[in-house]
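Open the structure in your viewer and keep the selection tool at hand. Each stop tells you what to pick and what is there.

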Amino acid sequence: HVNQPADYSFNMINFDGFKKLFHRFLQVKGPSVDWAKINRPPEELIQPYDRIKARGLPDNIAVSLNKLAVVKLNGGLGTSMGCKGPKSLISVRNENTFLDLTVKQIEHLNKTFNADVPLVLMNSFNTDEDTKKILQKYKHHQVKIHTFNQSRYPRINKESLLPIAKSMGTSGENAEAWYPPGHGDIYASFHNSGLLDKLIAEGKEYIFVSNIDNLGATVDLFILNHLMSQPADKRCEFIMEVTDKTRADVKGGTLIQYEDHLRLLEIAQVPKAHVDEFKSVTKFKIFNTNNLWISLPAIKRLQEKNSMDLEIIVNPKTLDGGLNVIQLETAVGAAIKSFNNAMGVNVPRSRFLPVKTSSDLLLVMSNLYTLDAGSLTMSKKREFLTTPHVKLGSSFTKVQEFLARFENIPDMLELDHLTVSGDVTFGKNVSLKGTVIIIANHGDRIDIPAGAMLENKIVSGNLRILDH
């Protein structure tokens with residue numbers, strides 16, 4: 001009954017995809033992994049980055065660059081940071097948004113090497129319209145930008161297992177009835193959009209996929225060269241960048257050896273009894289950064305054979321009205337087990353710099369980082385390679401409120417740990433060093449005065465210094 005044929009075919013493809021996923025969901029009983037079969041991956045399947053870097057670069061790296069496309073996962077909204085619209089349009093540094101930084105990085109690459117690396121954005125029905133509006137502003141940049149949409153699937157009532165949508169529309173009472181089914185959907189929707197074939201026809205062989213909010217995910221020429229220099233019969237079709245786990249990363253998915261394949265193990269797949277073991281930093285030492293290098297012909301082959309069997313993640317949600325629903329999702333990295341000669345590369349932590357909260361935002365806006373051609377690098381003046389541990393309380397959750405509480409971003413070069421709770425504001429040119437804890441009691445307010453230097457200090461109670 002839909003007038004637009006394009007819309008109709010998009011909906012039919014969506015329903016077909018959902019039907020397959022739902023069917024598999026009904027069949028699968030119990031956890032998808034047998035804990036006893038899990039092994040640590042053999043050394044040679046997870047190469048240290050330094051070993052890959054030590055091979056150097058050939059003079060003609062531009063030839064390899066011209067076989068690459070960069071894909072950014074751009075389906076998410078900025079709601080968790082109190083923003084409306086696509087998360088990629090939040091300003092993170094010097095008025096640059098995530099999207100601005102991405103375009104600058106790729107443009108810099110194209111200019112430096114006289115290459116033609118296109119940017120591909122995987123949008124969702126939540127972000128597509130707003131993102132496309134903004135793309136006008138990059139018309140005169142030296143980077144081709146393509147977009148495609150990830151699928152739109154119906155949320156299901158947890159009790160009845162029936163879709164809660166009343167019609168195909170996404171507005172009004174139906175707004176909460178649909179969801180984008182996780183980034184594992186990239187393979188099917190990329191293929192269905194026709195963009196996969198288009199890029200292959202243009203001579204592209206690999207995509208570099210990452211989350212748009214990971215500011216560390218820049219194109220790495222050494223990893224690219226490693227992919228391109230493999231002998232044809234041993235072509236590596238999938239590289240997952242992993243990095244060493246710290247206490248802050250205990251929930252991240254990890255790579256395991258399972259029935260002769262590398263496989264991504266997510267916390268959602270772990271039997272309850274083994275969750276603590278999964279979280280330990282000793283048994284599973286690395287986690288997935290979601291920076292992935294994937295062969296385009298291999299995606300095409302696997303899609304056409306319908307042989308990518310991604311584990312289903314069941315994500316329970318409670319809607320505003322209190323209704324319990326589930327949404328079925330898959331993860332892009334879970335496909336690693338289907339590709340030939342897949343491997344992990346253990347990269348420096350600097351390639352994993354996600355901005356999920358205002359605490360992360362504080363770090364990337366500060367003098368801990370310098371910005372060069374769209375890429376953030378840790379300041380040479382910082383003595384430690386690790387970033388400070390920052391915990392900002394609920395008064396800082398929303399970006400607007402967060403910005404209002406800082407006259408400017410404090411000097412954090414020598415900071416190890418910062419905890420801020422309650423109604424706290426920072427004057428101009430504050431300097432924070434060592435461990436700083438600032439706790440305003442309920443109903444009280446703490447103003448850190450301009451020019452203050454706090455080193456290993458606990459500030460609590462009520463502090464207001466007024467100019468007269």
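**A short tour**

Start by selecting the side chains of Ser 431 and Asp 411: they make a polar contact, at 3.3 Å. The model is predicted.

Stay on Ser 431. This residue lies in strand β23, which covers residues 431–440. Is Ser 431 buried or exposed? Ser 431 counts as buried, because its relative accessibility is 10% and the cut-off for buried is under 20%. Now show what surrounds Ser 431. Leaving aside residues up to four places away in sequence, Ser 431 touches Asp 411, Ala 452, Met 453 and Leu 454.

Next, select His 183. An unreviewed UniProt entry places the feature "binding site" here. Where does His 183 sit? Look in the loop between β9 (178–179) and α6 (186–192). His 183 is partly exposed, because its relative accessible area is 25%, and partly exposed runs between the cut-offs of 20% and 50%.

Add the residues that His 183 touches, again not counting those up to four places away in sequence. Pick Leu 73, Met 122, Gln 150 and Asn 211. Then add Asn 290, Thr 330, Ala 331 and Val 332.

Last stop: the cysteines. Select Cys 83, which is buried at a relative accessible area of 15%. Move on to Cys 236, also buried, at 2% relative accessibility. How many disulfides are counted? The count is zero, with a disulfide taken as a pair of cysteine sulfur atoms within 2.5 Å.

Conventions: Residues numbered from 1 in each chain as written. Predicted model: local features only at pLDDT ≥ 70, side-chain atom pairs only at ≥ 80, totals over all residues. Heavy atoms only, no water. UniProt positions renumbered as here; feature names shortened; annotations may be inferred. Helix = DSSP H or I, 4+ residues; strand = E, 2+ residues; numbered from the N terminus. Buried < 20%, exposed > 50% of the residue type's maximum accessible area, 1.4 Å probe, protein only. Contact = heavy atoms within 4.5 Å. Polar contact = N/O pair within 3.5 Å; in protein donor to acceptor, adjacent residues only side chain to side chain.
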